[in-house]
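Welcome! Here is a short, friendly tour of a protein model, written for someone meeting it for the first time. Please keep the structure open beside the text as you read.

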Amino acid sequence: MINKNVEEALNVQVQAEFSSAYLYLSMAAYCESISLPGFAHWMRLQHEEETAHALRLFNFVIDRGGHIDLRAIEKPVGSFESPHKMFDEVLAHEQLITEKIHNLYALSVKENDYPTQVEMQWFISEQVEEEKNAGGIVEQLKFVGDSSSALLMLDREMGVRLTEAK
Ligand code: FEO
(Lines give C-alpha, C1' and ligand atoms only; values in the text may rest on other atoms or scores of the structure.)
Protein backbone atom coordinates (compact mmCIF):
# COMPACT_ATOMS: atom_id res chain seq x y z
CA MET A 1 0.00 0.00 0.00
CA ILE A 2 1.21 3.46 -0.81
CA ASN A 3 1.62 6.10 1.86
CA LYS A 4 -1.20 8.67 1.59
CA ASN A 5 1.07 11.74 1.75
CA VAL A 6 3.28 10.30 -0.98
CA GLU A 7 0.22 9.38 -3.03
CA GLU A 8 -1.01 12.97 -2.83
CA ALA A 9 2.42 14.35 -3.81
CA LEU A 10 2.65 11.92 -6.75
CA ASN A 11 -0.76 13.06 -7.99
CA VAL A 12 0.42 16.66 -7.80
CA GLN A 13 3.52 15.67 -9.76
CA VAL A 14 1.40 13.98 -12.45
CA GLN A 15 -0.28 17.35 -12.87
CA ALA A 16 3.09 19.14 -13.01
CA GLU A 17 4.32 16.81 -15.77
CA PHE A 18 1.13 17.23 -17.82
CA SER A 19 1.42 21.01 -17.28
CA SER A 20 4.98 20.85 -18.59
CA ALA A 21 3.77 18.92 -21.64
CA TYR A 22 1.11 21.57 -22.25
CA LEU A 23 3.62 24.40 -21.85
CA TYR A 24 5.97 22.84 -24.41
CA LEU A 25 3.11 22.27 -26.82
CA SER A 26 2.28 25.95 -26.49
CA MET A 27 5.92 26.78 -27.16
CA ALA A 28 5.82 24.52 -30.25
CA ALA A 29 2.89 26.56 -31.56
CA TYR A 30 4.79 29.80 -30.90
CA CYS A 31 7.84 28.45 -32.77
CA GLU A 32 5.64 27.50 -35.72
CA SER A 33 4.12 30.98 -35.70
CA ILE A 34 7.55 32.59 -36.10
CA SER A 35 8.67 30.11 -38.79
CA LEU A 36 11.14 28.11 -36.72
CA PRO A 37 10.11 24.53 -37.54
CA GLY A 38 13.25 23.04 -35.99
CA PHE A 39 12.54 24.64 -32.63
CA ALA A 40 8.90 23.55 -32.97
CA HIS A 41 10.03 19.96 -33.61
CA TRP A 42 12.19 20.06 -30.48
CA MET A 43 9.23 21.35 -28.46
CA ARG A 44 6.86 18.72 -29.85
CA LEU A 45 9.28 15.99 -28.77
CA GLN A 46 9.59 17.65 -25.39
CA HIS A 47 5.79 17.60 -25.13
CA GLU A 48 5.84 13.85 -25.80
CA GLU A 49 8.58 13.32 -23.26
CA GLU A 50 6.68 15.17 -20.53
CA THR A 51 3.52 13.23 -21.32
CA ALA A 52 5.55 10.04 -20.92
CA HIS A 53 6.81 11.29 -17.54
CA ALA A 54 3.24 11.96 -16.39
CA LEU A 55 2.11 8.51 -17.54
CA ARG A 56 5.08 6.86 -15.85
CA LEU A 57 3.98 8.38 -12.53
CA PHE A 58 0.33 7.60 -13.28
CA ASN A 59 1.22 3.92 -13.81
CA PHE A 60 3.44 3.90 -10.73
CA VAL A 61 0.60 5.09 -8.49
CA ILE A 62 -1.72 2.44 -9.94
CA ASP A 63 0.91 -0.31 -9.63
CA ARG A 64 1.26 0.56 -5.95
CA GLY A 65 -2.46 0.21 -5.41
CA GLY A 66 -2.88 3.96 -5.07
CA HIS A 67 -5.64 6.29 -6.17
CA ILE A 68 -5.28 8.61 -9.17
CA ASP A 69 -6.87 12.03 -8.71
CA LEU A 70 -6.20 14.10 -11.83
CA ARG A 71 -5.96 17.87 -11.35
CA ALA A 72 -6.85 20.75 -13.64
CA ILE A 73 -4.20 22.02 -16.01
CA GLU A 74 -3.86 25.77 -16.33
CA LYS A 75 -3.72 27.63 -19.62
CA PRO A 76 -0.04 27.89 -20.59
CA VAL A 77 1.75 31.05 -21.71
CA GLY A 78 1.28 31.41 -25.46
CA SER A 79 3.66 34.08 -26.64
CA PHE A 80 7.25 34.99 -25.90
CA GLU A 81 9.51 37.93 -26.55
CA SER A 82 12.02 35.84 -28.51
CA PRO A 83 13.30 32.24 -28.83
CA HIS A 84 16.02 33.18 -26.34
CA LYS A 85 13.50 34.41 -23.76
CA MET A 86 11.41 31.31 -24.36
CA PHE A 87 14.39 29.04 -23.60
CA ASP A 88 15.17 31.04 -20.47
CA GLU A 89 11.66 30.05 -19.41
CA VAL A 90 12.28 26.40 -20.34
CA LEU A 91 15.37 26.33 -18.13
CA ALA A 92 13.60 28.07 -15.23
CA HIS A 93 10.69 25.66 -15.60
CA GLU A 94 12.95 22.61 -15.52
CA GLN A 95 14.72 23.96 -12.44
CA LEU A 96 11.34 24.26 -10.77
CA ILE A 97 10.46 20.68 -11.73
CA THR A 98 13.81 19.52 -10.33
CA GLU A 99 12.93 21.14 -7.02
CA LYS A 100 9.56 19.37 -6.99
CA ILE A 101 11.20 16.01 -7.72
CA HIS A 102 13.75 16.56 -4.95
CA ASN A 103 10.94 17.42 -2.53
CA LEU A 104 9.11 14.27 -3.54
CA TYR A 105 12.23 12.22 -2.92
CA ALA A 106 12.71 13.86 0.49
CA LEU A 107 9.08 13.07 1.38
CA SER A 108 9.50 9.43 0.35
CA VAL A 109 12.56 9.21 2.62
CA LYS A 110 10.66 10.78 5.50
CA GLU A 111 7.79 8.34 5.01
CA ASN A 112 10.09 5.31 4.57
CA ASP A 113 8.52 4.70 1.15
CA TYR A 114 11.33 2.74 -0.54
CA PRO A 115 9.67 2.04 -3.93
CA THR A 116 9.01 5.77 -4.42
CA GLN A 117 12.63 6.53 -3.52
CA VAL A 118 13.75 4.16 -6.28
CA GLU A 119 11.27 5.65 -8.76
CA MET A 120 12.38 9.18 -7.88
CA GLN A 121 16.00 8.27 -8.57
CA TRP A 122 15.08 7.84 -12.24
CA PHE A 123 13.45 11.28 -12.24
CA ILE A 124 16.40 12.86 -10.42
CA SER A 125 18.77 11.63 -13.17
CA GLU A 126 16.31 12.72 -15.84
CA GLN A 127 16.24 16.25 -14.42
CA VAL A 128 20.03 16.47 -14.65
CA GLU A 129 19.63 15.72 -18.37
CA GLU A 130 16.71 18.15 -18.78
CA GLU A 131 18.58 21.05 -17.21
CA LYS A 132 21.72 20.26 -19.18
CA ASN A 133 19.79 20.23 -22.50
CA ALA A 134 17.86 23.43 -21.81
CA GLY A 135 20.95 25.18 -20.42
CA GLY A 136 22.97 24.19 -23.49
CA ILE A 137 20.43 25.74 -25.83
CA VAL A 138 20.26 28.92 -23.72
CA GLU A 139 24.06 29.20 -24.13
CA GLN A 140 23.83 28.67 -27.89
CA LEU A 141 21.12 31.32 -28.13
CA LYS A 142 23.43 33.75 -26.34
CA PHE A 143 25.98 33.22 -29.12
CA VAL A 144 23.28 33.64 -31.76
CA GLY A 145 22.37 37.09 -30.39
CA ASP A 146 20.60 39.16 -33.04
CA SER A 147 21.89 37.18 -36.02
CA SER A 148 18.96 35.72 -37.96
CA SER A 149 21.26 33.56 -40.09
CA ALA A 150 22.76 31.99 -36.96
CA LEU A 151 19.23 31.46 -35.61
CA LEU A 152 18.21 29.67 -38.81
CA MET A 153 21.28 27.43 -38.55
CA LEU A 154 20.40 26.57 -34.97
CA ASP A 155 16.81 25.93 -36.06
CA ARG A 156 18.08 23.38 -38.56
CA GLU A 157 20.09 21.70 -35.81
CA MET A 158 17.09 21.63 -33.47
CA GLY A 159 15.06 20.01 -36.24
CA VAL A 160 17.13 16.84 -36.09
CA ARG A 161 16.59 16.16 -32.41
CA LEU A 162 16.06 12.42 -32.25
CA THR A 163 15.56 11.87 -28.55
CA GLU A 164 12.81 9.37 -27.95
CA ALA A 165 10.22 10.09 -25.31
CA LYS A 166 11.28 8.29 -22.13
FE1 FEO B 1 9.38 15.90 -16.79
FE2 FEO B 1 11.07 18.16 -18.11
O3 FEO B 1 10.61 17.19 -16.60
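Ile-73 sits in the loop between α2 (37-63) and α3. This is a predicted model, and Ile-73 is a good place to start looking around it. Its relative accessible area is 35%, so Ile-73 is partly exposed. Together with Tyr-22 and Leu-25, Ile-73 makes up a nonpolar patch on the surface, and the three share about 250 Å² of accessible area.

The loop between α2 and α3 also holds Gly-65. Gly-65 is partly exposed too, because its relative accessible area is 45%. Which residue lies 63 positions away from Gly-65 in sequence but 6.7 Å away in space? It is Ile-2, with the distance taken from C-alpha to C-alpha.

**Helix α3 and what follows**

Helix α3 covers residues 83-110. Does its length in space agree or disagree with what its residues suggest? At 1.5 Å a residue, its 28 residues should span 40 Å, and the C-alpha atoms at its ends are 41 Å apart, so the two agree. Just after α3 comes Asn-112, which takes a positive phi of about 55°.

**Aromatic rings**

Now for the rings. The model has 4 aromatic pairs. In one of them, Tyr-30 and Phe-80 meet edge-to-face, with 5.1 Å from centre to centre and 70° between the planes. This pair joins distant parts of the chain, since Tyr-30 belongs to helix α1 (residues 4-33) and Phe-80 to the loop between α2 and α3, 50 residues apart. Are these two residues buried or exposed? With a relative accessible area of 8%, Tyr-30 is buried, and Phe-80 counts as buried at 9%.

Trp-122 and Phe-123 also pair up: their ring centres are 4.9 Å apart and their planes stand at 80°, so this pair is edge-to-face. The surroundings of these two residues can be read from their accessibility. Trp-122 is partly exposed, with a relative accessible area of 25%, whereas Phe-123 is buried, at 0%. Elsewhere, Phe-39, Trp-42 and Phe-87 come together as one aromatic cluster.

**Salt bridges**

Side chains of opposite charge can pair when their charged atoms come close. In this model, the count of salt bridges is 7. The table shows some of them.

| Residues | N to O distance | Where they lie |
|---|---|---|
| Arg-56 and Glu-119 | 2.8 Å | helix α2 and helix α4, 63 residues apart |
| Arg-64 and Asp-113 | 3.2 Å | loop between α2 and α3 and loop between α3 and α4, 49 residues apart |
| Lys-142 and Glu-139 | 2.9 Å | both in helix α4, 3 residues apart |

How covered are the partners? In the bridge between Arg-56 and Glu-119, Arg-56 counts as partly exposed because its relative accessibility is 30%, while Glu-119, at 11%, counts as buried. In the bridge between Arg-64 and Asp-113, Arg-64 counts as buried at 18% relative accessibility, and Asp-113 counts as buried at 4%.

The pair of Lys-142 and Glu-139 stays within helix α4, with the two residues about one turn of the helix apart. An α-helix has 3.6 residues a turn, so residues three or four places apart point the same way. Lys-142 is partly exposed, with 48% relative accessibility, and Glu-139 is also partly exposed, with 40%.

Salt bridges can link up as well: Glu-8, Asp-69 and Arg-71 are joined in a network of them.

**A buried glutamate in α4**

The last stop is Glu-130, found in helix α4 (residues 114-144). Is Glu-130 buried or exposed? Its relative accessibility is 3%, under the 20% limit for a buried residue, so Glu-130 counts as buried. Which residues does Glu-130 touch, leaving aside those up to four places away in sequence? They are Gln-46, Glu-49, Glu-50, His-53 and Glu-94. Among these contacts, Gln-46 and Glu-49 are good ones to find first on your screen.

Key:
Residues are numbered from 1 along each chain as its sequence is written. Side-chain values use heavy atoms; hydrogens and water are left out. Helices (H or I, at least four residues) and strands (E, at least two) are DSSP runs, numbered from the N terminus. Buried means under 20% relative accessible area, exposed over 50%, partly exposed in between (1.4 Å probe, protein chains only). Contact means heavy atoms within 4.5 Å. The expected span of a helix is 1.5 Å times one less than its number of residues. Patches are made of residues with over 30% relative accessible area and no salt bridge: like charges are joined within 9 Å, nonpolar side chains (Val, Leu, Ile, Met, Phe, Trp, Tyr) within 5 Å. Accessible areas come from the Shrake-Rupley method with a 1.4 Å probe; for residues, only the protein chains shown count as cover. A salt bridge is a side-chain nitrogen of Lys or Arg within 4 Å of a carboxyl oxygen of Asp or Glu. Rings of Phe, Tyr and Trp (its six-membered ring) pair if their centres lie within 6.5 Å; planes under 30 degrees apart count as stacked, over 60 as edge-to-face and the rest as tilted.
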